[in-house]
2 protein chains.
Amino acid sequence: MDRNGLEVLDRRECLRLLGAHTFGRVGLTTGALPTVLPVTYRMLDEHIYFRTGPGQKLTAATSNNVIAFEIDGMDRLWHCGWSVCVTGVAREVTSAIRLEELDRVGLPRWTPNDGARVVEVSIDVLSGRRLGAS
Amino acid sequence: MDRNGLEVLDRRECLRLLGAHTFGRVGLTTGALPTVLPVTYRMLDEHIYFRTGPGQKLTAATSNNVIAFEIDGMDRLWHCGWSVCVTGVAREVTSAIRLEELDRVGLPRWTPNDGARVVEVSIDVLSGRRLGAS
């Protein structure tokens, strides 16, 4: 339990949750201001991958910036929920081999124009919390 | 439509969505690193309110920092979804009148130890996107 009365999830459980979902949010700092953007993603070899077009996500990616990545789920009826937060370095994926691997496992596309560019985020800091029944 | 093929939501629709939900995420910069934290909240008079204890959310709040606040919803089956992102200044609420008003409308509590402290975020920048059926 943490000081807020939430169950602390271990790394194994955080990775399981990241692997079981495909919708999350990226937290960025752009022009000194924080922003949160939804993305569809896939975890592969303990890295997070998502598609992007030109714009702030890609800018962050290609600048080797540190970004946050978060997934969560909640059930209002049962008042239980969980969240997993990753901090890591974002890079554009340029390796043809890795892009092929991602094609094979299927990298979800969210917007109609989701770009051909792919961002990889290393899972450097990983933390998770759960409230209520698991 | 934006350049990613998503419907741009107007301010009125963004405010309606913010008023209709009570679970969102705060995007902060702490120690130069971005973080995303889930919160339960309520919108009142075009401001976002959430409870907090000591820690990074409160630190951001009491320092008049700019933070991001995001809500979203998606339906994988119908492949539709939406998100609303707020950028604003976070302040701790100290006015007894405002705290009473919030008690009256009911400020949801997420964690068992969610503090007596309340953070107010001004809605300075507001944007929203929707994909698929509304």
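Is B:Glu92 buried, partly exposed or exposed, and what is its relative accessible area? B:Glu92 is partly exposed, with a relative accessible area of 24%. Here buried means under 20% relative accessible area, exposed means over 50%, and partly exposed lies in between (1.4 Å probe, protein chains only).

This is a predicted model: local features need pLDDT of at least 70, side-chain atom pairs count only at pLDDT 80 or more, and totals for chains, interfaces and linings use all residues. Residues are numbered from 1 along each chain as its sequence is written, chains are lettered from A and ligands numbered from 1 in the order in which they are written, and side-chain values use heavy atoms, with hydrogens and water left out.

## Two copies

Chain A can be laid on chain B by a turn of 180 degrees and a shift of 0.0 Å along the axis, with an RMSD of 0.0 Å. The superposition is by least squares on the C-alpha atoms of residues with pLDDT of at least 70 in both copies. The two copies are thus related as by a two-fold rotation axis. In chain A, the C-alpha of A:Gly27 is nearest the axis, 3.1 Å from it. Both copies use the same surface: 100% of the contact residues of chain A recur in chain B.

## The interface

Contact means heavy atoms within 4.5 Å. By that rule, 36 residues of chain A touch 36 residues of chain B. The area buried between the chains is about 3000 Å², and carbon and sulfur atoms give 65% of it. Buried area is the accessible area (1.4 Å probe) that two parts lose on being put together, summed over both.

Between chain A and chain B there are 4 salt bridges. A salt bridge is a side-chain nitrogen of Lys or Arg within 4 Å of a carboxyl oxygen of Asp or Glu. A further count between the two chains is 3 residue pairs in polar contact, both residues at pLDDT 80 or more. A polar contact is a pair of N or O atoms within 3.5 Å; within protein, one must be able to donate a hydrogen and the other to accept it, and residues adjacent in sequence count only if both atoms are side-chain atoms.

Which strands supply the side of chain A that touches chain B? Strands β2, β3 (33–44), β5 and β6 of chain A each supply at least two residues. β5(A) gives the most, with 6 residues. Strands (E, at least two residues) and helices (H or I, at least four) are DSSP runs, numbered from the N terminus.

## Strand β5 and its partners

β5(A) spans residues 66–75 and is mostly covered: 7 of its 10 residues are buried. Strand β2 of chain A (residues 23–30) pairs with β5(A) in the antiparallel sense over 3 bridges. Strand β6 of chain A (residues 80–92) also runs antiparallel to β5(A), joined by 10 bridges. Two strands pair if DSSP finds at least two bridges between them.

A:Phe69 in β5(A) stands opposite A:Val26. In β6(A), the bridge partner of A:Phe69 is A:Val86.

## Salt bridges

The structure holds 22 salt bridges over all chains. Four of the pairs are tabulated here.

| Pair | Closest N to O |
|---|---|
| A:Arg25 and A:Glu70 | 3.0 Å |
| A:Asp72 and B:Arg25 | 2.5 Å |
| A:Glu92 and A:Arg117 | 3.3 Å |
| B:Glu92 and B:Arg117 | 3.3 Å |

A:Arg25 forms a salt bridge with A:Glu70. That pair links distant parts of the chain, strands β2 and β5 of chain A, 45 residues apart. A:Arg25 counts as buried because its relative accessibility is 3%. A:Glu70 is buried too, at 0%.

A network of salt bridges links A:Arg25, A:Glu70, A:Asp72, B:Arg25, B:Glu70 and B:Asp72.

The side chains of A:Glu92 and A:Arg117 also meet in a salt bridge. A:Glu92 lies in β6 and A:Arg117 in β7 (residues 117–122) of chain A, 25 residues apart. A:Glu92 is partly exposed at 24%, and A:Arg117 is partly exposed at 40%. In chain B, B:Glu92 and B:Arg117 meet in a salt bridge. B:Arg117 is partly exposed, at 41%.

## Helix α1

Helix α1 of chain A covers residues 11–20, and its buried residues include A:Glu13, A:Cys14, A:Leu15, A:Leu17 and A:Leu18. Their cover includes β1 (7–9), β3, β4 (47–52), β5, β6 and β8 (125–131) of chain A.
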